[in-house]
Amino acid sequence: MNHSTIEKIVLEIRNDRNFDRYTEFFKENPTKINELVDIVVGQAHYPLEEYASWILVHISKDNPSQTQQFYPTFVDILFQSKNQSVLRNITCCINQLQSTEYKESELFDLFLSFIKDHKNKVALHVYSMYALVQYVKKYPELKTEIEDTITHNSKGKTAAYKSAFKKFQYLITKKKVID
């Protein structure tokens, strides 16, 4: 199977959205996940990059152990991409994985910057809030800074943003980081 076969699968998903079938394919062919990641890293033309990253979300949710090895790559993608769909999807992937110390401080600042940037879509704000839960668990002294940033940037935001902030506050009080 070559790269074009994976690209074909990505385009099929765009049309039929049968994620169960394709997550099963990648479960049975885990080495092919590399090719999905390569599509995103290579910033392939629309719709490949967007849908490849969306498939990675479903794989990460279904079986995080299959994508854990890509955590550093996902972090690098967040620093390189300007594509809102990719940023949202890869942040969602990171939320499914065990955080590491790879660019930990820089990533913290990046998630805060995603929330502060009013040009970003609300889904990226929301997933960034959820990503920051792990930081509060590990570094409780950051709680006030994060909450202040979220609150300060909540003016004019949607109900989804405000609901995510409530969920953030709930999650930081739980022992388990992310459901």
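The following is a dialogue between a biologist and a modeller about a predicted model of a protein chain.

Biologist: What should I keep in mind about the numbering and the model?

Modeller: Residues are numbered from 1 along each chain as its sequence is written, and side-chain values use heavy atoms, with hydrogens and water left out. As this is a predicted model, local features need pLDDT of at least 70 and side-chain atom pairs count only at pLDDT 80 or more, while totals for chains, interfaces and linings use all residues.

Biologist: How many helices and strands are there in the protein chain, and how are they defined?

Modeller: The protein chain has 10 helices and zero strands, where helices (H or I, at least four residues) and strands (E, at least two) are DSSP runs, numbered from the N terminus.

Biologist: What makes the radius of gyration agree with that of a compact globule?

Modeller: The radius, taken over C-alpha atoms, is set against a globule rule of 2.2 Å times the number of residues to the power 0.38. For 179 residues a compact globule would have a value near 16 Å, and the protein chain has 16 Å, so the two agree. Along the principal axes, the C-alpha atoms fill a box of roughly 50 × 30 × 25 Å.

Biologist: Why is V40 called buried?

Modeller: Buried means under 20% relative accessible area, exposed means over 50%, and partly exposed lies in between (1.4 Å probe, protein chains only). V40, a residue of helix α3, has 1% relative accessibility and therefore counts as buried. Buried residues make up 48% of the 179 residues in the protein chain.

Biologist: Which residues is V40 in contact with, leaving aside its neighbours within four places in sequence?

Modeller: With contact meaning heavy atoms within 4.5 Å, the partners of V40 beyond those neighbours are E49, A52, S53, L56, I77, V86 and I90.

Biologist: Is E147 buried or exposed, and why?

Modeller: E147, found in helix α9 (residues 143–152), has a relative accessible area of 16% and is therefore buried. Leaving aside neighbours within four places in sequence, E147 is in contact with F165, F168, Q169 and I172.

Biologist: Why does T173 count as exposed?

Modeller: T173, placed in the segment after α10 (159–171), reaches 62% relative accessibility, so the residue counts as exposed. A polar atom of the T173 side chain lies 2.6 Å from the backbone oxygen of Y170, set against a polar contact being a pair of N or O atoms within 3.5 Å (within protein, one must be able to donate a hydrogen and the other to accept it, and residues adjacent in sequence count only if both atoms are side-chain atoms).

Biologist: What is notable about phi of Q43 and of K103?

Modeller: Most residues other than glycine have a negative phi, and most peptide bonds are trans. Phi of Q43 is near 50 degrees, a positive value in a residue other than glycine, and phi of K103 is also positive, near 50 degrees. Q43 sits in the loop between α3 and α4 and, with a relative accessible area of 43%, is partly exposed. K103 belongs to the loop between α6 (84–96) and α7 (104–116), and its 32% relative accessibility makes it partly exposed too.

Biologist: What kind of peptide bond joins Y46 and P47?

Modeller: The bond between Y46 and P47 is cis, with omega about 5 degrees, and P47 lies in the loop between α3 (33–41) and α4 (48–62).
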